[in-house]
Amino acid sequence: MFGLNKIIPVEPNINFLGLRRNFLIFSILAILISIGLLSIKGLNLGIDFKGGTLIEVSTKNTSIGELREILSSSYSDVSLQEFGNENIILIRLQNKSNQESIETVNSVKNLIQDKVVEFRRSEFVGPTISSELLFRGFQAVSFALIAILIYIWLRFEWQFGFGAVVALTHDVLFTLGLLSILNVEFSLATIAAILTIAGYSINDTVVIFDRVRENLRKYKKLELVDLFNLSVNNTLSRTIMTSLTTLLALVSLFIFGGEVIRPFALTMIIGVIIGTYSSVFIAVPTLLIFKFRPQDEDD
Amino acid sequence: MKNYPIWKSFTVVSLVLLGIIFAIPSIIYDESSENWFLKNKINLGLDLQGGSYLLLEVQLDVLYKEELDNFVDSVRLISRDQAVKIEKIDILENEVVVFFGNKEKIKDIRDSFFQMYRGVTLQINNNKISIKLNDEYRKIIQDSAIKQSLEIVRKRIDESGTKEPLIQRSGKKRILLQLPGVKDPERIKDLLGKTAKLTFHIVDNENTSALQNNLAPFGKIIVPDMYDENTKYLLDKRAVVGGENLVDAKGSFDQTEGHAVSFRFDTEGAQKFGKVTTNNIGKNLAVVLDGVVITAPRISSAITGGSGIITGNFNAQEASDLAVLLRAGALPAPLEIVEERSVGAGLGADSIAAGQIAAVIGMVLVCIFMILIYGTFGALANVSLIVNLFIIISLLGTIGATLTLPGIAGIVLTIGMAVDANVLIFERIKEESLKQTKVFQIVKNGFDRAMSTILDANITTLIAAVLLFAFGSGPIRGFSITLSLGVIASMFTALMLTNFLVYMYLSFANKKELKL
């Protein structure tokens with residue numbers, strides 16, 4: 001109608017595979033830096049995984065400084081933060097035992113009762129629960145990777161499964177690395193975001209692999225590099241379109257969805273971009289390691 | 001309408017209509033409506049409607065320890081009967097070791113012990129007996145403790161007047177509580193924080209040296225006063241009667257005593273109580289709650305009516321809470337709160353509003369984008385997208401799923417991802433249109449070729465969503481549900497509805513060539 005679809009040519013001919021060395025080096029560096037960051041700086045763990053107490057209050061005519069003054073006289077490990085706007089304040093406390101924490105919530109509430117309009121939420125996660133949640137999150141991500149590998153193996157050849165899981169592991173590590181740099185809070189919702197990224201990225205990869213498989217049958221004489229290039233080009237406009245619509249929805253969620261959901265939306269935005277990149281530049285080139293046809297061995 | 005089977009049109013149209021009709025109750029929900037259909041709406045999670053989520057852990061270690069103490073008491077009684085001297089008793093973490101003065105009667109002691117406790121592991125080694133809590137025995141204790149705790153917790157919550165609470169076992173030793181509408185769970189936490197084990201004991205006023213040395217002789221215990229830790233009482237270890245014999249308890253007010261709790265025993269309790277008070281006139285009777293003495297009045301006359309009052313320095317709320325606890329019964333072991341999440345109604349409402357805005361704006365952006373790129377076909381895909389949203393809402397309402405804040409995020413995400421299947425189809429159609437000119441053939445090939453890709457791509461997303469459900473908790477499950485429903489609905493809307501709309505459009509517009 002508006003002819004905008006002409007921006008992406010119907011049959012683009014971009015030599016993606018030709019650049020594979022550069023991108024491979026970039027990705028390996030990114031992964032190494034991510035691993036380094038994760039082991040040195042670590043993630044900004046929220047109370048889900050670290051344990052502790054969180055209280056969100058809305059105030060009126062009370063500055064964050066006043067509240068901090070009141071609370072820090074009783075607690076050394078209290079941290080306050082504005083949440084969305086200056087009238088909403090997030091109070092975090094690190095507690096040791098379960099019993100202590102329950103008492104903490106009460107006494108914090110009593111201390112600031114007259115300065116606060118509403119206690120919007122209070123959360124407390126005990127130390128046993130937080131380590132369990134972390135373990136279960138790790139378990140979920142690992143099982144997802146394995147289940148996806150098995151599915152791809154059944155539907156395609158095992159080489160595709162390998163390529164997909166390399167790309168997925170890349171996405172997860174890269175995303176975690178960026179979360180570490182950006183200091184985004186890592187919570188249960190982040191685990192959900194990461195699993196969704198895994199689902200999204202694999203979705204993208206499968207679409208391209210599907211075309212590779214089709215082209216492998218169709219063009220028996222074409223060299224593998226050219227064939228892979230053709231497949232990526234064939235699916236390019238779809239890859240871009242879907243990433244863009246998903247990003248549109250996510251950006252809307254990030255801007256309008258409220259403060260609580262923001263870290264989730266941000267993680268997803270990062271993940272979708274990385275996932276799209278890895279499908280084209282990591283998953284497909286990984287397939288080159290394998291020889292799919294006898295004649296390739298002569299090359 | 002070339003080659004488009006009637007049954008298929010019928011199926012598509014009726015499914016779409018069903019989707020829209022069943023979404024109605026959730027969209028125009030009216031609290032006061034009498035119509036059952038309109039009440040069939042989506043459940044909101046605690047994070048959206050406000051409420052409290054509590055995870056309690058039954059302190060089983062206390063029970064195991066108690067059981068070991070019981071073993072010790074029983075062995076003492078048996079050896080006293082058998083006139084065997086005990087030299088030493090070691091209470092370890094998971095077992096008790098009793099050293100006897102001689103080993104002649106050790107087998108008899110073992111046999112008598114086995115008559116009282118079956119299923120424990122007991123070993124004889126020279127002059128010592130070690131009794132161990134084995135795994136099966138612990139499991140029996142654990143299961144009955146959880147069952148009992150669940151029941152008591154349920155009673156206490158019911159008594160507190162909380163509406164529609166959800167109380168269920170979670171894992172091996174935990175109880176999960178969802179209390180919608182409870183903004184400040186302090187009172188509930190107070191109610192659950194007490195075991196409320198009530199017992200009546202005769203006070204021993206004669207043995208003053210025991211209290212001075214703070215060393216209770218066998219068969220006695222030393223218990224502090226509720227209000228003054230330094231005041232201590234020496235009591236018979238055996239309770240005269242306990243809270244399990246209560247049939248009723250109420251907060252009451254007495255002119256002279258102030259706020260009090262009046263109670264009534266069942267027949268058995270009344271008989272025991274009557275007998276003890278008759279035989280012990282002049283002595284004091286201690287009312288012990290969770291290891292402290294509330295009060296220890298002197299027995300001035302026999303109490304045979306089976307009812308009485310407990311006085312203490314209560315205020316009205318404390319008296320009525322104690323009555324609630326006594327009515328509900330004692331917990332077998334203390335409960336510890338290991339996780340708590342409370343959301344006020346204000347934040348919940350804000351989250352819903354923000355989620356709605358994000359969904360609408362995301363939707364509008366995606367729709368505009370689709371029309372810019374695919375023109376009329378984009379508009380058809382948008383119809384599918386909107387129907388998709390209706391279907392998700394109606395499915396959520398019909399299967400009784402709970403919508404959480406991450407669930408809303410799942411819906412917004414689905415809006416972005418749902419067009420994917422349409423995009424795959426349109427891109428195939430675009431490719432096919434370069435190869436041939438027959439309009440309907442192009443469309444048919446486009447859909448057929450895109451089919452397997454759509455299936456593969458969506459099933460992998462479903463795998464991730466199902467795992468999220470399996471390993472996630474609470475709100476995260478809400479996300480995995482909306483994501484899964486969204487993925488399934490988007491496959492249907494793309495492969496069936498978009499297909500139908502494209503055929504309709506091409507037939508009615510009578511297109512001779514297809515340019516996408």
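**Exercise 1. How many bridges join strand S4 (residues 95-100) of chain B to strand S6 (residues 128-132) of chain B, and do the two run parallel or antiparallel?**

Solution. The model is a predicted one, and the pairing is read from it as follows.

Step 1. Five bridges join S4(B) to S6(B), and these two strands run antiparallel. One position that fixes the register is Val97(B), which stands opposite Ser130(B) in S6(B).

Step 2. The pair is then placed in its sheet, which is open and consists of four strands in the order S3-S4-S6-S5 of chain B, with antiparallel pairing. Strand S3 (86-91) and strand S5 (121-125) of chain B are the edge strands, each of them pairing on one side only. On average, and with direction ignored, neighbouring strands of this sheet are turned by 15° against each other.

Step 3. Helix H4 (residues 106-116) of chain B packs on the sheet, where it touches S4, S5 and S6 of chain B, and its direction makes about 175° with that of S5(B).

**Exercise 2. Determine which strands pair with S5 of chain A, naming bridge partners in each case.**

Solution.

Step 1. Within chain A, strand S2 (residues 52-59) pairs with S5(A) in the antiparallel sense over eight bridges, and in this pairing Glu123(A) of S5(A) is the bridge partner of Leu54(A).

Step 2. Across the chains, five bridges join S5(A) to strand S18 (residues 335-343) of chain B, again with the strands running antiparallel. Ser122(A) stands opposite Ser342(B) in S18(B), while Val125(A) has Glu339(B) in that strand as its bridge partner.

Step 3. Taking a residue as buried if 20 or more other C-beta atoms lie within 10 Å of its own, one finds that S5(A) is mostly covered, with seven of its 10 residues buried.

**Exercise 3. Describe the contact between chains A and B from the side of chain A.**

Solution.

Step 1. The contact takes 62 residues from chain A and 63 residues from chain B.

Step 2. On the side of chain A that touches chain B, the elements that each supply at least two residues include strand S5 (116-125), helix H4 (98-112), helix H5 (127-155) and helix H7 (188-218), as well as helix H8 (224-256) and helix H9 (262-287).

Step 3. Sorted by class, this side of chain A has 35 nonpolar residues, 18 polar ones and nine charged ones.

**Exercise 4. Into which domains is chain A divided, and what distance separates their centres?**

Solution.

Step 1. Chain A is divided into domain 1, covering 15-45 + 129-298, and domain 2, covering 52-125.

Step 2. Taken over C-alpha atoms, the centres of these two domains of chain A are separated by 39 Å.

Terms used. Residues numbered from 1 in each chain as written. Chains lettered and ligands numbered in written order. Predicted model: local features only at pLDDT ≥ 70, side-chain atom pairs only at ≥ 80, totals over all residues. Contact = placed C-beta atoms within 7 Å. Nonpolar A, V, L, I, M, F, W, Y, C, P; charged D, E, K, R; others polar. Pairing = 2+ DSSP bridges. Buried ≥ 20, exposed ≤ 12 C-beta atoms within 10 Å, placed from the backbone. Domains from an automatic or database assignment. Axes fitted to C-alpha atoms, helices over the stretch in contact; angles between N-to-C directions.
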